[in-house]
Amino acid sequence: MTSMKNLLKRSERLRAAKRRLDQARIRWHMIHLQNHLGIAENLKYALYQRWCRAAYRGKPATNQAVRDLRANLFAVLPANEARRALAAALASVMDGLYPDPANRNPSVMDPSFVQMNDAINAFPNATDILDQEVRSTLEAFFGSNFKIYRACGYRTLPKSEPYQELQNAWRWHSDCYPSQIIKVMMYLTDTDRHSGAFRVHPFANSKRLFRLGFFDRYAVPDALQRELDDAETYVWAEGPAGTIVIFDDNLVHRATPPEPPHHRDVFVFEVMPSREPWDAHLKAHRQDVSSPARLGMKWPANPFRFE
């Protein structure tokens, strides 16, 4: 009996030691790579980006959005007349699509995020979001051409649950993507902290939170939760319809439920480096970027083979 107890204690000590090692490994990855993917996967993406840069012949821009994106992995491009008009047109498309359930694809994780099916074709002028300033910002950030990996238009609905009980994207989290994939989001509706603006910790503070041990949205000690909730350290991504937000999903961020009667409509492109211009790639692969398979896939396992 004593021998069995000793074996059980030893087994528990080994499991505890493994948990500590796993946590230390994840913490190192989050601090240095902003994700907890394997070294091989991160290296593969870094080499892929280098390969794309070797083919680039453009002249990188040096606008404010580029400087913000490089410094914070987060940039807001204000609405202008053209963007406001585009947002109004896309919002009208959303209003026309949403009433028919056949057009809707609620998230399996949270049905208050409602994607529109085949968004790249359902919103035919959505690629106008990628205007000259957006394109030059992305090319300067990547040091290469870029391509659309995924495109989706979705509506965020109000929530009825108490705020502290919300799960998934409503909690502070980091999405653990390869750092070579970023989001371009246009607000189709006026968006502030009452109508669905998300909150984000810019790069320096996200990295500080990783150093403090943050990586699991469902296992946050009280002291760390206070750091996450400190309003002096995060930014509200607010703006009128037509505002464009470019950001790295690996930043610590959280969604905010719109307060009734508001909803939030957005169109989102996820983009990554490319050896060919985005429009040439989209022309050849338009049918893929909003397909169910693409919407259900987090990122390409091998960027060299991904089309």
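How many of the 12 residues of E4 are buried? The answer is 12 of the 12, so strand E4 is largely enclosed by the rest of the structure. Keep in mind as you look around that this is a predicted model. Overall, the chain has 10 helices and 10 strands, and buried residues make up 49% of its 307 residues. Let's start with the whole chain, then go through the sheet, two helices and two single residues.

**The chain as a whole**

- The accessible surface comes to about 15,100 Å², and carbon and sulfur atoms account for 55% of that surface.
- Take the contacts between residues at least 6 apart in sequence: 86% of them join residues that are at least 24 apart.

**The sheet**

- Seven strands build an open sheet, and their order is E1-E8-E5-E10-E4-E3-E2, with antiparallel pairing.
- Strand E1 (74-77) and strand E2 (104-106) sit at the edges; each has a single partner strand, so one side of each has no neighbour in the sheet.
- Going from one strand to the next, the twist averages 30°.
- As background, strands of a sheet pair through backbone hydrogen bonds, and they can do this in a parallel or an antiparallel way.

**Strand E10 and its two partners**

- Strand E10 (residues 264-274) has E5 on one side and E4 on the other in the strand order.
- In E10, 11 of the 11 residues are buried, so this strand too is largely enclosed by the rest of the structure.
- With strand E4 (residues 145-156), E10 pairs in the antiparallel sense over 11 bridges.
- Want to find that pairing on screen? Look for Asn-145, whose bridge partner in E10 is Ser-274, and for Gly-153, which stands opposite Phe-267 in E10.
- With strand E5 (residues 182-187), E10 is joined by six bridges, and these two strands also run antiparallel.
- Two places to spot this one are Ile-182, with Val-271 as its bridge partner in E10, and Met-186, which stands opposite Phe-267 in E10.
- So Phe-267 is a handy landmark: it has Gly-153 opposite it and Met-186 opposite it as well.

**Strand E4 and strand E3**

- E4 also pairs with strand E3 (residues 113-116): three bridges join the two, and they run antiparallel.
- One pair to look for is Gln-115 and its bridge partner in E4, Tyr-154.

**Helix H2**

- Helix H2 covers residues 39-54, which makes 16 residues.
- From its first C-alpha to its last, H2 reaches 23 Å, close to the 22 Å expected at 1.5 Å a residue.
- Its buried residues are Asn-42, Tyr-45, Tyr-48, Gln-49 and Cys-52.
- If you look down the axis of H2, those buried residues fall within an arc of 120°, so they line one face of the helix.
- Ala-40, Arg-50 and Ala-54 are exposed, on the other side of H2.

**Helix H9**

- In helix H9 (residues 278-285), the buried residues are Trp-278, His-281, Leu-282 and His-285.
- Seen down the axis of H9, they fall within an arc of 100°, so they line one face of this helix.
- What covers them includes helix H5 (119-122), H6 and E4.

**Phe-142, a buried residue in H6**

- Phe-142 lies in helix H6 (residues 132-142).
- With a relative accessible area of 1%, Phe-142 counts as buried, since the cut-off for that is under 20%.
- Not counting residues up to four places away in sequence, Phe-142 touches Gln-49, Arg-53, Gln-180, Ile-182, Val-271, Met-272 and Pro-273.
- Phe-142 and Cys-52 are 90 residues apart in sequence, but 8.9 Å apart in space, C-alpha to C-alpha.

**Leu-224, a buried residue in H8**

- You'll find Leu-224 in helix H8 (residues 222-228).
- Leu-224 is buried too, with a relative accessible area of 7%.
- Leaving out residues up to four places away in sequence, it touches Leu-209, Leu-212, Gly-213 and Phe-214.
- Leu-224 and Gly-213 are 11 residues apart in sequence and 8.1 Å apart in space, again from C-alpha to C-alpha.

Note on methods. Residues numbered from 1 in each chain as written. Predicted model: local features only at pLDDT ≥ 70, side-chain atom pairs only at ≥ 80, totals over all residues. Heavy atoms only, no water. Pairing = 2+ DSSP bridges. Helix = DSSP H or I, 4+ residues; strand = E, 2+ residues; numbered from the N terminus. Axes fitted to C-alpha atoms, helices over the stretch in contact; angles between N-to-C directions. Buried < 20%, exposed > 50% of the residue type's maximum accessible area, 1.4 Å probe, protein only. Contact = heavy atoms within 4.5 Å. Areas by Shrake-Rupley, 256 points an atom, 1.4 Å probe, with all protein chains shown as cover. Expected span 1.5 Å × (residues − 1). Arc of directions from axis to C-beta.
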